[in-house]
Amino acid sequence: MILSITANPSVDISYNIENLKIDDVNRVDLVNKDAGGKGIHVSYVLNELGEKVINSGFVGGKLGEFIEKRLDERKISHDFIKLDDETRNCIAIIHDNKQTEILEKGPKIGLEKEKEFLDHLEKISKNIEIINISGSLPKGLDASFYQKIIKFAKENKIFVSLDTSGNTLKEIVKGEIKPDLIKPNETEIKDIIEKEFPENEEEIRKIFEKSPLKDIPYVIISQGKDGAIFKIKNKIYKAKVPKVKAINPVGSGDSTLAGALSAIYNKEDDEDFIKKSMTCGLLNVLNEEIAHININDFDKYKEKIEIKELI
Ligand code: ATP
């Protein structure tokens, strides 16, 4: 079983407003509300791939209950730590071919709740083979929270992936105890290497040969419609995806990660690992819904993924 941790989940609300009027009233016909947060999105796609997955993290109040209800409706397991404060809303306004987002920070987590989670982690990890940690940290917690989860996974021989950004990502990747897999996009990799990710093969190799990326067995640098660069142990590959008409690319990174974790779970070889990750990312852009793939199209697109091993 795979455990997916979202420390700061949200109720994601999207409003479709053709012409957004500032300093005026906007009425909305098309509203969509769903349980969100990156780890939860990963669990949606893992579930669609047929993997058994359980969600954890922190939820609170009526919005927390809404998240649990949406997971129940999808028949996805969950076991969250409960907070007195309300889970956050995240609002995306789709207007004039643009997307404007309003993201609440969410509840603050105190040290007691952190400890409660870490004790809980021990209990819920009995049959867990992979732990995935996705998304930003809530108020009150710092990178050491994720480091404690990674340490726990390592001590218990559980594969652990991390998908976060900014200083949290940088601090953990450069720290002593590293995750087994990271999936930075082009912005997030800059946080780690402190420059643009190069295009030249020789320079790419140099980056992977040096610490900190050298010490992480699986690194996926996703590059949107340009595919991704994969480091799998001591091999480096470039994967290209076919040109498609993108409907909604939000959640492609989470879908890619779900594909990668499913391949790890099923001990698939490098080629299938790369193709599964890329196909899931691509299938996500083909529909409006975030972190949803049409599994019936999987084989059709999988065979169109091109892989080249770099020098
Ligand atoms: P998010 O933060 O929204 O989850 P991300 O920035 O982490 O996304 P991307 O690098 O944009 O992730 O995309 C991940 C993968 O999804 C890509 O490597 C690719 O396989 C697929 N993908 C994304 N956008 C497109 C696109 N326009 N066309 C085809 N495939 C795409």
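The side chain of Glu101 reaches the side chain of Gln99 in a polar contact of 3.0 Å. That is a friendly place to begin a walk through this predicted model. Glu101 belongs to strand 8, and with a relative accessibility of 45% this residue counts as partly exposed. Setting aside neighbours up to four places away in sequence, Glu101 is in contact with Ile91 and Ala92. Ile91 sits 10 residues from Glu101 along the chain, and the C-alpha atoms of the two are 5.6 Å apart.

Now to the backbone. Which residue has a positive phi in the loop that joins strand 7 (88–95) to strand 8 (98–103)? Asp96 does: its phi is about 45 degrees, although Asp96 is not a glycine, and the residue lies in that loop. Asp96 is partly exposed, at 33% relative accessibility. Lys157 is another non-glycine residue with a positive phi, here about 55 degrees. Its place is the loop between helix 4 and strand 10, and Lys157 is exposed, with a relative accessible area of 77%. A further backbone feature is the cis peptide bond that runs from Ser211 to Pro212, where omega is near 10 degrees. Pro212 itself is part of the loop between helix 7 (201–209) and strand 12 (218–222). As background for these cases, most residues other than glycine have a negative phi, and most peptide bonds are trans.

Next comes the ligand. Which residues come nearest to it? Among the 22 residues around the ligand, they are Asn185, Ser222, Gly224, Gly227 and Gly253. By residue type, the shell holds eight nonpolar, 10 polar and four charged members. Helix 8 (252–265) and helix 9 (270–285) each contribute at least two residues to this shell. Three pairings between polar protein atoms and oxygen atoms of the ligand are set out here.

| Protein residue | Protein atom | Distance to a ligand oxygen atom |
|---|---|---|
| Lys183 | polar side-chain atom | 3.1 Å |
| Ser222 | polar side-chain atom | 2.8 Å |
| Asp254 | polar backbone atom | 3.5 Å |

On its own the ligand would expose 630 Å², and the protein buries 84% of that area. Ser222 thus appears both among the residues that come nearest to the ligand and in the table, with its side-chain pairing at 2.8 Å.

Helix 5 is a good place to look at packing. Which residues of this helix, spanning residues 166–174, are buried? They are Thr168, Leu169, Ile172 and Val173. Looking down the axis of helix 5, these buried residues fall within an arc of 115 degrees, so they line one face of the helix. The general geometry helps here: an α-helix has 3.6 residues a turn, so residues three or four places apart point the same way. The cover over the buried residues of helix 5 includes helix 4 (143–155), strand 10 (159–163), strand 11 (181–182) and helix 6 (186–193).

Strand 11 also holds Ile182. Is Ile182 buried or exposed? Ile182 is buried, because its relative accessibility is 0%, under the 20% cut-off. Apart from residues within four places in sequence, Ile182 is in contact with Leu162, Val173, Ile192, Leu213, Ile216, Tyr218, Val219 and Ile220. One of these contacts, Val173, is also one of the buried residues of helix 5. The C-alpha atom of Ile182 is 9.8 Å from that of Asn132, and the two residues are 50 places apart along the chain.

Two more buried residues round off the picture. Gln223 is found in the loop between strand 12 and strand 13 (228–232), and its relative accessible area of 11% makes it buried. Beyond residues up to four places away in sequence, Gln223 touches Glu186, Phe197, Ala228, Ile229 and Lys238. Lys275 is located in helix 9, one of the helices that supply residues to the ligand shell. What does Lys275 touch, not counting residues up to four places away in sequence? Its partners are Lys302, Ile305 and Ile307. Lys275 is buried as well, with a relative accessible area of 14%, whereas Lys157 is exposed at 77%.

Methods: Residues are numbered from 1 along each chain as its sequence is written. This is a predicted model: local features need pLDDT of at least 70, side-chain atom pairs count only at pLDDT 80 or more; totals for chains, interfaces and linings use all residues. Side-chain values use heavy atoms; hydrogens and water are left out. A residue is near a molecule or strand if one of its heavy atoms lies within 4 Å of it. A polar contact is a pair of N or O atoms within 3.5 Å; within protein, one must be able to donate a hydrogen and the other to accept it, and residues adjacent in sequence count only if both atoms are side-chain atoms. Accessible areas come from the Shrake-Rupley method with a 1.4 Å probe; for residues, only the protein chains shown count as cover. Helices (H or I, at least four residues) and strands (E, at least two) are DSSP runs, numbered from the N terminus. Ala, Val, Leu, Ile, Met, Phe, Trp, Tyr, Cys and Pro count as nonpolar, Asp, Glu, Lys and Arg as charged, and the others, Gly among them, as polar. Buried means under 20% relative accessible area, exposed over 50%, partly exposed in between (1.4 Å probe, protein chains only). The arc is that of the directions from the helix axis to the C-beta atoms. Contact means heavy atoms within 4.5 Å.
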